[in-house]
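Please open the structure in your viewer and keep the selection tool at hand. The tour proceeds from an enclosed space to a helix and then to a sheet.

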Amino acid sequence: MRNPVTILNTLKSNSNKEPYRFRRLHRLFYNRKMFLLAYNNIYSSQGNMTPGIDGRTIDQMTLDRLDTLITKLKSKEYKPTPVMRKYIPKKNGKLRTLGIPCIEDKLVQEVIRMTLESVWEDTFYKSSHGFRDGKSCHTALLAIKETFTGSKWFIEGDIKTFFDNIDHEVLVSILRRRIDDEYFIQIIVKFLKAGYMEYGANHISYSGTAQGSLISPILSNIYLNEFDAFIKSYSESFNKGKTRKRNPEYHRLDARKQHWVSKLRNTNPNSDEYSHIKNEIKQLSKTLLNSPHSDPIDENYRRMVYVRYADDFLVGIIGSKADAYRAKADFKNFMNNQLKLELSEEKTLITHSAKRVRFLGYDIRVIRNNNLRKDKTGRISRRYNGIVKLYLPTEIWKKKLLELSVMHIQKSSSKTTETWRPNSRNQLINNKDENIIKQFNSEVRGLYNYYQLACNVSYGMHKFNYFMYYSCLRTLAKKHRCRMKAIRIKFDVEGYFKVGNTFYYHEGFHTKKFKFKDIYKDLDIITKYKYPFGKYSPAFRVKSGYCELCGASHVRIVMHHVRTLKGLSPDTPWNKLMLKMYRKSIALCDYCNKSVLSS
């Protein structure tokens, strides 16, 4: 039985060999270590304690359970069960469909995911940032900040109900280009066609991938990698000219300046003519700094840049508005004809880059600023002209405050003005004082950590934190039945607000600076899988034959899992041990496991 790490690294090493086709991948389904690695990867997710339609969770995991699954795959009796469909609210008030698969299906999906990731990951384009190791919303935004400089038009792209409309035939044809293993592909097709269970009725899926499925993210990236490739070739044909045409007026003034500079070298420094020439050079330098170096509407210079995160993408264009509309139409045609997808008309917009566009929760625009600044060498330039700025939208933190019930808005009798007032959070009053502070801190840090790239994050977060701070004071004052002033005095430590061992957040809100080349240097590294079965991993513990409760060795092990440690009370020996080890799982022998099940 080969080591799964060796297998995955071998697949990875062959992934960049273009004519290479992968065969006999289905043999990975017969490798117990592969499923142990899959179990290792997924066990910590709280969602695995939610039962699928078979009523089972990741709790009570054993080697026998894995072997039974492998036997079904070997005999080709394995058939994925329909997912349990649930709906979760989206920020816009609509509902997002979520599919909850059975645990056995999750294990098979994780094996497929690792395999497909090894085969495809290193062939994905740098413009893709969604569902990839080492990439995130922040890397996508940094790419925009660095590569969209000087863009004149934005094309905001959004694919209409993408995950529900993935065409199965198109997806399978893409998979077959690199995988020559029909059984492996048929397992993927079975997952796509498994359908869903809703209100007791089984529904067949004719298109799309279930959101919540472990293979859905990698399949979506494989599918949209075709669009990334199209954009790559399209931008190469769209791009035109090496540099912009030089502005004739700038060229004339620069030539005149060079004439005076050369004349200055042959002039006596003590003469009046020398001072006159220096003044001429100084005036010409000022005029040059206020004149564009190149023609901003040069028809022989065009550029296109592109960034995608999942099914949302943003295109920056240096060119005319007609070029942007033509590109949008070509994108739409490719989506319709090649991928059987549709761009959302309401969300796929063309916007001038001087105006703000919303992407991944940030507002983005290209600023026009001719103000002069000195760089670190002392050279004066218009260093802020044409650069991309990221902003924290006001409605984001305002909406967050209202969602958390941290403030309320009072409107005047004339309804022309409004006053924002902080609230106490009554739902937190029964918590410990320190837990209340931790709750507020986590919410402040959460918003700041996501919007730390914004240039106005300091302004927005200080406003947000003001209401969070006074809401925290009001909550504690209401709990202790006293005034806010008394709370501030009681918990004041050298000017900071501290409860127990926890300070209220006071670390400031600075815009985070990243070096873009360092980010991309890390992204270009082809990562290799490392040995995952450490002695504390559940995969190691389930095959160790050692009961962690009674100390019995060379016995059959059953892994007992809980959703969280937060609600676990130390009223049983196994709960005490889990809290002591600070783990959500414990390896038990059959005898100890019976005690757990009977309690």
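For the classes used at the first stop, Ala, Val, Leu, Ile, Met, Phe, Trp, Tyr, Cys and Pro count as nonpolar, Asp, Glu, Lys and Arg as charged, and the others, Gly among them, as polar. The model on display is predicted.

**The cavity.** Select Tyr-43, Ser-44, Ser-45, Gln-46 and Met-49, then add His-561, Val-562, Arg-563 and Lys-584; these residues line the largest cavity. Its volume is about 40 Å³, and the count of cavities of 30 Å³ or more comes to 1. By class, the lining divides into 3 nonpolar, 4 polar and 2 charged residues. Where does the largest cavity lie with respect to the domains? Colour domain 1 (4-122 + 168-206) and domain 5 (545-598): both give residues to the lining, so the cavity lies between them.

**The helix.** Select next helix H5, residues 137-147, of which 8 of 11 are buried. The buried residues are Cys-137, His-138, Thr-139, Ala-140, Leu-141, Leu-142, Ala-143 and Ile-144. Then display Ser-136, which caps the N-terminal end of H5. A side-chain oxygen of Ser-136 lies 3.3 Å from the backbone nitrogen of His-138.

**The sheet.** Finally, select the open sheet of 3 strands, whose order is E18-E19-E20 and whose pairing is antiparallel. Its edge strands, E18 (492-493) and E20 (502-503), each pair on one side only. Strand E19, residues 496-499, pairs with E20 over 2 bridges in the antiparallel sense. Which residue of E20 is the bridge partner of Lys-498? Select Phe-503 to see that partner.

Methods: Residues are numbered from 1 along each chain as its sequence is written. This is a predicted model: local features need pLDDT of at least 70, side-chain atom pairs count only at pLDDT 80 or more; totals for chains, interfaces and linings use all residues. Side-chain values use heavy atoms; hydrogens and water are left out. On a 1 Å grid over the protein atoms alone, a cavity is a set of points where a 1.4 Å probe fits but cannot get out, and a pocket is an open set with protein on both sides within 12 Å along at least five of seven lines; lining residues have an atom within 4 Å of a point. Grid points are joined across faces, edges and corners, and a volume is the space filled by probe spheres set on the points. Domain bounds come from an automatic or database domain assignment. Buried means under 20% relative accessible area, exposed over 50%, partly exposed in between (1.4 Å probe, protein chains only). Helices (H or I, at least four residues) and strands (E, at least two) are DSSP runs, numbered from the N terminus. A polar contact is a pair of N or O atoms within 3.5 Å; within protein, one must be able to donate a hydrogen and the other to accept it, and residues adjacent in sequence count only if both atoms are side-chain atoms. Two strands pair if DSSP finds at least two bridges between them.
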